[in-house]
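Please report on the surface and the interior of the protein shown here. Keep the account brief.

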Amino acid sequence: MEKLGIGSRETLRNWVKQQEIDAGTRPGATTEESARPRALKRENAELKRANDILKVATSFFAAELDRPHTHTHTHVAFVDEHKGRFGGVEPICRVLTRHDCKIAPST
């Protein structure tokens, strides 16, 4: 087992067991079935972050309506002010762009 880089017999037993489940010869949750809840959790977290970005952006842009700035200036100011809160520039730009408020991360 050492030559194969397998840490323990239990690891090998678990791999064989999972392969049998995936092949349908043993009952249990397949690899794909086990991965689905994790994928849904990630998707849910991303949607929550997008909603938070949109809520904050709505307030920010509404306050900026009375000020004489270009849209690009306002967008850049929003991204700059909130990038730390939402995990960087890319997530904010991605959410805003999906909602017809186009801004590139390079801006």
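Val-16 sits in helix α1, which covers residues 9-23. The model is a predicted one. Val-16 has a relative accessible area of 41%. That value lies between the 20% and 50% cut-offs, so Val-16 counts as partly exposed. Together with Leu-12 and Trp-15, Val-16 makes a nonpolar surface patch of about 280 Å².

Now the interior. In soluble globular proteins, nonpolar side chains tend to be buried together. Here, the largest nonpolar core has 15 residues. Six of them touch the most other members: Ile-53, Phe-61, Phe-78, Val-79, Ile-92 and Leu-96. Helices α2 (31-64), α3 (71-82) and α4 (89-98) each supply at least two residues of this core. The top contributor is α2, which gives six residues.

What does Val-79 contact, leaving aside its neighbours within four places in sequence? Its partners are Val-89, Ile-92, Cys-93 and Ile-103. Of these, Ile-92 is, like Val-79, among the core residues that touch the most other members.

His-75 is placed in helix α3. Is His-75 buried or exposed? Its relative accessibility is 11%, which is under the 20% cut-off, so His-75 counts as buried. Beyond four places in sequence, His-75 is in contact with Phe-61, Cys-101, Lys-102 and Ile-103. Ile-103 is thus a contact of both His-75 and Val-79.

The table sets the two residues with stated accessibility side by side.

| Residue | Helix | Relative accessible area |
|---|---|---|
| Val-16 | α1 | 41%, partly exposed |
| His-75 | α3 | 11%, buried |

Key. Residues are numbered from 1 along each chain as its sequence is written. This is a predicted model: local features need pLDDT of at least 70, side-chain atom pairs count only at pLDDT 80 or more; totals for chains, interfaces and linings use all residues. Side-chain values use heavy atoms; hydrogens and water are left out. Patches are made of residues with over 30% relative accessible area and no salt bridge: like charges are joined within 9 Å, nonpolar side chains (Val, Leu, Ile, Met, Phe, Trp, Tyr) within 5 Å. Accessible areas come from the Shrake-Rupley method with a 1.4 Å probe; for residues, only the protein chains shown count as cover. A salt bridge is a side-chain nitrogen of Lys or Arg within 4 Å of a carboxyl oxygen of Asp or Glu. Helices (H or I, at least four residues) and strands (E, at least two) are DSSP runs, numbered from the N terminus. Buried means under 20% relative accessible area, exposed over 50%, partly exposed in between (1.4 Å probe, protein chains only). A nonpolar core is a set of buried Ala, Val, Leu, Ile, Met, Phe, Trp, Tyr and Cys residues joined through side-chain atoms within 4.5 Å. Contact means heavy atoms within 4.5 Å.
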